[in-house]
Amino acid sequence: PIGCQWAGCFRDYDAHHAVCDYVPVWCTDCPQRYLRKDKAQHDAECQHKQIPCPSNGCTVTVKRRDMPDHLETCPNSLVPCPQCTEPIVRRNLLHHKRETCPEREVQCDPRLCMFKGKAVTLEEHRLSDECTLKSIACPNPCCDRMLPAICMAQHVRVSGCGNAARNELDENIDHYEAILRRLKEDRGKVQ
């Protein structure tokens with residue numbers, strides 16, 4: 001073959017021809033011929049060659065030319081979150097946007113606090129004086145209770161250390177402490 005520097009006996013020609021780098025061969029994936037020595041380069045570029053999806057966990061193989069289309073819909077491919085731009089596996093994107101994205105819109109507690117903002121700011125809000133759920137100490141010197149700010153006015157109104165209103169107050173406090181525990185559990189889920 002042209003370019004081959006082999007020299008030998010005619011009886012050895014067939015054996016050499018079977019492995020000679022300068023013999024034209026056909027691609028098994030497309031109708032193109034190339035020299036055997038160029039097989040690796042052709043395989044790396046052949047648009048008809050079946051290649052595995054590079055996405056972690058995806059077992060699909062497609063022609064190289066079709067890979068961009070596959071990656072546009074592959075449930076295992078990484079896509080940027082439109083809110084925080086973090087790369088997220090496509091099949092997890094909806095859950096991320098609804099539950100874990102730090103840039104998603106959240107509300108502190110629709111029943112007790114009107115704050116709406118990004119999840120990343122929720123913890124800071126709950127520690128601020130704006131949050132009606134922030135725990136504050138009772139100003140009554142004989143009371144050592146910590147209550148949500150939204151409950152404090154009622155607490156101060158009905159409290160009186162040692163008087164009959166204390167039982168009603170304790171029931172209200174228990175009720176609001178239960179609400180506060182649920183909110184703290186919800187906050188743990190948000191984080």
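User: Before we go into detail, what are the mean pLDDT of the chain and the share of its residues that reach 70 or more?
Analyst: The mean pLDDT is 86, and 92% of the residues of the chain reach 70 or more. Please keep in mind that this is a predicted model.

User: Where does pLDDT stay under 50?
Analyst: That applies to residues 161–165, for which the model has four contacts beyond four places in sequence. Where pLDDT is low, the predicted coordinates should not be read in detail.

User: Understood. Which residues make up the largest nonpolar core?
Analyst: The largest nonpolar core has 11 residues: Val106, Cys108, Leu112, Cys113, Phe115, Ala119, Leu122, Cys131, Leu133, Ile179 and Leu183.

User: And which elements give two or more residues to this core?
Analyst: Those elements are strand 7 (105–109), strand 8 (113–118) and helix 7.

User: Let us take one core residue. What does leucine 133 touch?
Analyst: Not counting residues up to four places away in sequence, leucine 133 touches Cys108, Asp109, Leu112, Cys113, Pro148, Ala149, Leu180 and Leu183.

User: There is an aspartate among those. Where does aspartate 109 lie, and is aspartate 109 buried or exposed?
Analyst: Aspartate 109 lies in strand 7. Its relative accessible area is 2%, so aspartate 109 is buried.

User: What is aspartate 109 in contact with, neighbours within four places aside?
Analyst: Aspartate 109 is in contact with Leu133 and Leu183. Both of these residues are listed in the largest nonpolar core.

User: Cysteines next. How many disulfides does a search of the whole structure find?
Analyst: The search finds zero disulfides. Cysteine 20, for instance, is in no disulfide, and the nearest cysteine sulfur, that of cysteine 4, is 3.5 Å away. Cysteine 113 is likewise in no disulfide, with the sulfur of cysteine 108 as the nearest cysteine sulfur at 3.9 Å.

User: Why do those sulfurs not count?
Analyst: A disulfide here requires cysteine sulfur atoms within 2.5 Å, so a pair beyond that cut-off is not counted.

User: Are cysteine 20 and cysteine 113 buried or exposed?
Analyst: Cysteine 20 counts as buried at 2% relative accessibility. Cysteine 113 is buried too, with a relative accessible area of 2%.

User: Moving to helix 6, which residues there are buried?
Analyst: In helix 6 (residues 149–158), the buried residues are Cys151, Met152, His155 and Val158. They cover an arc of only 145 degrees around the axis, so they sit on the same side of helix 6.

User: Why would such spacing in sequence give one side?
Analyst: An α-helix has 3.6 residues a turn, so residues three or four places apart point the same way.

User: Which exposed residues does the face turned away from the buried side carry?
Analyst: That face of helix 6 carries the exposed residues Ala153 and Arg157.

User: Now helix 7. What is tyrosine 176 in contact with?
Analyst: Tyrosine 176, which is found in helix 7, is in contact with Pro148, Cys151 and Gln154, leaving aside its neighbours within four places in sequence. Cys151 is one of the buried residues of helix 6. Tyrosine 176 itself is partly exposed, with a relative accessible area of 23%. Its C-alpha atom is separated by 9.5 Å from that of isoleucine 150, and the two residues are 26 residues apart along the chain.

User: And aspartate 186, how far from cysteine 108 is it in space?
Analyst: Aspartate 186 and cysteine 108 are 9.8 Å apart, C-alpha to C-alpha, although 78 residues apart in sequence. Aspartate 186 lies in helix 7 (residues 165–190) and is partly exposed, with a relative accessible area of 38%.

User: Back to the N-terminal part: how many aromatic pairs does the count come to?
Analyst: The count comes to one aromatic pair. The rings of tryptophan 6 and tyrosine 13 have centres 6.2 Å apart and planes at 55 degrees, so the pair is tilted. Tryptophan 6 is partly exposed at a relative accessible area of 33%, and tyrosine 13 is partly exposed at 29%.

User: Last one. What is the phi of threonine 85, and where does threonine 85 lie?
Analyst: Threonine 85 has a positive phi of about 65 degrees although it is not a glycine. Most residues other than glycine have a negative phi. Threonine 85 lies in the loop between strand 5 (78–80) and strand 6 (87–89), and it is exposed, with a relative accessible area of 59%.

Definitions and conventions. Residues numbered from 1 in each chain as written. Predicted model: local features only at pLDDT ≥ 70, side-chain atom pairs only at ≥ 80, totals over all residues. Heavy atoms only, no water. Helix = DSSP H or I, 4+ residues; strand = E, 2+ residues; numbered from the N terminus. Buried < 20%, exposed > 50% of the residue type's maximum accessible area, 1.4 Å probe, protein only. Arc of directions from axis to C-beta. pLDDT = per-residue confidence, 0-100. Contact = heavy atoms within 4.5 Å. Phe/Tyr/Trp six-rings, centres within 6.5 Å; stacked < 30°, edge-to-face > 60°. Core = buried A, V, L, I, M, F, W, Y, C linked by side-chain atoms within 4.5 Å.
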